[in-house]
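Got the viewer open and a hand on the mouse? Let's take a short walk, one selection at a time.

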Amino acid sequence: CILRTLLRNPSIILLDEGTSGLDSKNEELVVEVLNRISENLTVITIAHRFETIRDYDRILVLMEGKIV
């Protein structure tokens, strides 16, 4: 699904646990590609694992429904 989305050349991508169904090796590959292509677009990711978003420019943390 992520590849099909990228082929449409969007300006914004919203991922809700987009790599949750992947093993750690494949997740790393997808995150690497997203990091490379995100220079030209905005990627908003909802993730539970920090490794998925560690290279993002801005990280917001929700706790009890509030940004902390």
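What follows is a tour of a few stops in this predicted model.

**Stop one: T45.** Select T45, and you'll land in strand β2, which covers residues 42–46. Is T45 buried or exposed? T45 is buried: its relative accessible area is 19%, and the cut-off for buried is under 20%. Now show the side chains of T45 and Y56, and look for the polar contact between them at 2.6 Å. To see what else surrounds T45, leave out its neighbours within four places in sequence; the residues in contact with T45 are then L15, T52, I53 and Y56.

**Stop two: E17.** Next, select E17, in the loop between β1 (12–16) and α2 (24–37). With a relative accessibility of 23%, E17 counts as partly exposed. Which residues does E17 touch, once those up to four places away in sequence are not counted? They are I46, A47 and H48. Try A47: its C-alpha sits 5.1 Å from the C-alpha of E17, although the two are 30 residues apart in sequence. Then click on H48, whose side chain makes a polar contact with the side chain of E17 at 2.4 Å.

**Stop three: the surface.** Switch on the surface and select F50, which is found in helix α3 (residues 50–53). Add I59, V61, M63 and V68 to the selection, and together with F50 you have a nonpolar surface patch of about 480 Å². Colour those residues to make the patch easy to find again, and that's the tour.

Methods
Residues are numbered from 1 along each chain as its sequence is written. This is a predicted model: local features need pLDDT of at least 70, side-chain atom pairs count only at pLDDT 80 or more; totals for chains, interfaces and linings use all residues. Side-chain values use heavy atoms; hydrogens and water are left out. Helices (H or I, at least four residues) and strands (E, at least two) are DSSP runs, numbered from the N terminus. Buried means under 20% relative accessible area, exposed over 50%, partly exposed in between (1.4 Å probe, protein chains only). A polar contact is a pair of N or O atoms within 3.5 Å; within protein, one must be able to donate a hydrogen and the other to accept it, and residues adjacent in sequence count only if both atoms are side-chain atoms. Contact means heavy atoms within 4.5 Å. Patches are made of residues with over 30% relative accessible area and no salt bridge: like charges are joined within 9 Å, nonpolar side chains (Val, Leu, Ile, Met, Phe, Trp, Tyr) within 5 Å. Accessible areas come from the Shrake-Rupley method with a 1.4 Å probe; for residues, only the protein chains shown count as cover. A salt bridge is a side-chain nitrogen of Lys or Arg within 4 Å of a carboxyl oxygen of Asp or Glu.
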